[in-house]
Amino acid sequence: MAILMTENAAKQIQKQLARRGRGIGLRVGVKNVGCSGFAYTYDYADDVKAGDQLFEAHAAKVVVDPKSLEFLDGSILDFVKEGFKRVFKFTNPNVDATCGCGESFSVKEKA
């Protein structure tokens, strides 16, 4: 199981941690919400908890809990400019559909 990150995502993680003054990386996850079922969550990671997976690229770290990892496996985390917003964005091969606003998604059923 793996999550990859682009150099843009890594630079943004490093920048936000430097501004905050502490932390080991970005904690990403998935929660039940929205019209399609799931949404991504982002927070600072100050530690790695039991069961968490740690992924590192371009001198930045991403921490994922085991339940979220099954929905994020194989994803690429990027940091992109969308209009006036700059946001973290996943390219996730597990997504089946997204809602109209793009904030929530459903996942493919396992065979």
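Me: How much surface does the protein expose, and what share do carbon and sulfur atoms supply?
Reply: This is a predicted model, so the values are computed from its atoms. The protein exposes about 6800 Å². Carbon and sulfur atoms supply 50% of that area.

Me: What percentage of the residues is buried?
Reply: Buried means under 20% relative accessible area. Of the 111 residues in the protein, 32% are buried.

Me: Take S68. Is it buried or exposed?
Reply: Apply the cut-off: under 20% is buried. S68 has 3% relative accessibility, so it counts as buried.

Me: Where does S68 lie, and what does it touch?
Reply: S68 lies in helix α2, which covers residues 66-72. Leave out residues up to four places away in sequence, and S68 touches G29 and V30.

Me: How many helices and strands are there, and in which order?
Reply: Count the elements, then read along the sequence. The protein has two helices and nine strands. Their pattern is β-α-β-β-β-β-α-β-β-β-β.

Me: Which share of the contacts joins residues at least 24 apart?
Reply: Start with contacts between residues at least 6 apart in sequence. Among these, 51% join residues at least 24 apart.

Me: Why does the radius of gyration agree with a compact globule?
Reply: Compare the expected value with the model's value. For 111 residues, a compact globule would have a radius near 13 Å, and the protein has 14 Å, so the two agree. The C-alpha trace spans about 40 × 35 × 20 Å along its principal axes.

Me: And the charges: how far apart are their mean positions?
Reply: There are 16 positive and 14 negative charges. Their mean positions are 7 Å apart.

Terms used
Residues are numbered from 1 along each chain as its sequence is written. This is a predicted model: local features need pLDDT of at least 70, side-chain atom pairs count only at pLDDT 80 or more; totals for chains, interfaces and linings use all residues. Side-chain values use heavy atoms; hydrogens and water are left out. Helices (H or I, at least four residues) and strands (E, at least two) are DSSP runs, numbered from the N terminus. The radius of gyration is taken over C-alpha atoms; the globule rule is 2.2 Å times the number of residues to the power 0.38. Buried means under 20% relative accessible area, exposed over 50%, partly exposed in between (1.4 Å probe, protein chains only). Contact means heavy atoms within 4.5 Å. Accessible areas come from the Shrake-Rupley method with a 1.4 Å probe; for residues, only the protein chains shown count as cover. Lys and Arg count as positive and Asp and Glu as negative; His and the chain ends are not counted. The place of a charge is taken as NZ of Lys, CZ of Arg, CG of Asp or CD of Glu.
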